[in-house]
Amino acid sequence: DPNSFLIGGFGAFGGGNHDDDNTTTPADFYAFGGEFQLYADNVTFYGQGGVLEGSNDVDYLRDAFFGRGVVRWFMTPDSRLQGEFSYVNGETDSPANDTTILEWGIRYDTVLMALPFIGDTTVFVGYRGADFDKSGSDDGGFMDHTVMVGFNTSFGGNTMQEFDRVGATLDLPNFGRWVASGEALE
């Protein structure tokens, strides 16, 4: 219901890579879970949870569960400020070591109207940070900070807020990055 909520499920599979001593081993994964969006005037609350399983190498993240929360505030129908937080817990190595990933981010999107040659264009600037931590017999950790600038295109609606309310902003976390991080914790 574009006026109040959305409930759904997802499944994903893919891969990531990590180069260790000039040897690249694919970090294949699959994930599945549930998600919801709740619409309150000009704010969207978005939640996801599920399981994530990496394969091919015991160093990669496996037997993991995750939760992700996103809040989107539409200051105008064509500008939004988004904040998000993710928690991931699984195992890496053999014997298994507990691995936790905390990820957070903020992003601002707006539409630049009537640009020459290309017309209305949605642009964004954002930041994503993450803390990867492995505890146990072979502990380790690292932090990651990423700044993003870019543009995106959506089809089938008139405003960013309208896109949001019909499911066009459903997205998935970067599972490949999470899974492949286990090798970097070595």
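Me: Helices, of H or I and at least four residues long, and strands, of E and at least two, are DSSP runs that are numbered from the N terminus; in what order do the elements of this protein run?
Reply: The model is a predicted one, and its secondary structure comes to 2 helices and 8 strands. Read from the N terminus on, with β for a strand and α for a helix, the elements run β-β-β-β-β-β-β-β-α-α.

Me: In which element of the protein is confidence highest?
Reply: For the protein, the mean pLDDT is 88, and 90% of the residues reach 70 or more. Confidence is lowest in helix H2, residues 175–184, where the mean is 80. The highest mean is 96, and the element that has it is S4.

Me: What share of the residues of the protein counts as buried?
Reply: The C-alpha atoms fill a box of roughly 55 × 35 × 25 Å when it is taken along the principal axes. A residue counts as buried when its relative accessible area is under 20%, and Leu6 in strand S1 is one such residue, with a value of 18%. Of the 186 residues of the protein, the buried share is 40%.

Me: How are the rings of Phe10 and Phe66 placed, stacked, edge-to-face or tilted?
Reply: The structure holds 7 aromatic pairs, and in this one the ring centres lie 6.3 Å apart, with the planes at 40 degrees. Planes under 30 degrees apart would count as stacked and those over 60 as edge-to-face, so the pair of Phe10 and Phe66 is tilted.

Me: How many residues apart along the chain are Phe10 and Phe66?
Reply: Phe10 is buried, with a relative accessible area of 12%, and Phe66 is buried as well, at 4%. Phe10 belongs to strand S1, residues 5–20, while Phe66 belongs to strand S4, residues 62–76, and the pair links distant parts of the chain, its residues being 56 residues apart.

Me: Are Phe65 and Tyr87 buried, partly exposed or exposed?
Reply: The rings of Phe65 and Tyr87 have their centres 6.1 Å apart and their planes at 50 degrees, so this pair is tilted. Because Phe65 lies in strand S4 and Tyr87 in strand S5, residues 79–92, the pair ties together parts that are 22 residues apart in sequence. The relative accessibility of Phe65 is 42% and that of Tyr87 is 32%, values between the 20% and 50% limits, so Phe65 and Tyr87 both count as partly exposed.

Me: Which elements give two or more residues to the nonpolar surface patch?
Reply: Trp73, Met75, Leu81, Ile106, Tyr108, Val125, Val147 and Val149 make a nonpolar surface patch of about 730 Å². Met75, one of these residues, is placed in strand S4 and is partly exposed, with a relative accessible area of 34%. The elements that give two or more residues to the patch are S4, strand S6 (97–115) and strand S8 (140–152).

Me: Over the ring of which residue does the charged end of Arg107 sit?
Reply: Arg107 forms a salt bridge with Asp109, in which the closest N and O atoms are 2.9 Å apart, and Asp109 is buried, with a relative accessible area of 0%. The charged end of Arg107 also sits 3.8 Å from the centre of a ring, and this ring is that of Phe124.

Me: How many residues apart are Arg72 and Asp164, whose side chains meet in a salt bridge?
Reply: Side chains of opposite charge can pair when their charged atoms come close. The structure holds 8 salt bridges, and in the one between Arg72 and Asp164 the N to O distance is 3.0 Å. Arg72 is buried, at 1% relative accessible area, and so is Asp164, at 0%. Arg72 is in strand S4 and Asp164 in helix H1, residues 160–164, so that the pair links distant parts of the chain, 92 residues apart.

Me: Which residue meets Asp164 in a salt bridge of 3.2 Å?
Reply: The partner asked for is a buried residue with a relative accessible area of 11%. Its side chain and that of Asp164 meet with an N to O distance of 3.2 Å, and the residue is Arg165.

Note on methods
Residues numbered from 1 in each chain as written. Heavy atoms only, no water. Phe/Tyr/Trp six-rings, centres within 6.5 Å; stacked < 30°, edge-to-face > 60°. Buried < 20%, exposed > 50% of the residue type's maximum accessible area, 1.4 Å probe, protein only. Lys NZ or Arg CZ within 6 Å of the ring centre and 35° of its normal. Patch = residues over 30% accessible without salt bridge, like charges linked within 9 Å, V, L, I, M, F, W, Y side chains within 5 Å. Areas by Shrake-Rupley, 256 points an atom, 1.4 Å probe, with all protein chains shown as cover. Salt bridge = Lys/Arg side-chain N within 4 Å of Asp/Glu carboxyl O. pLDDT = per-residue confidence, 0-100.
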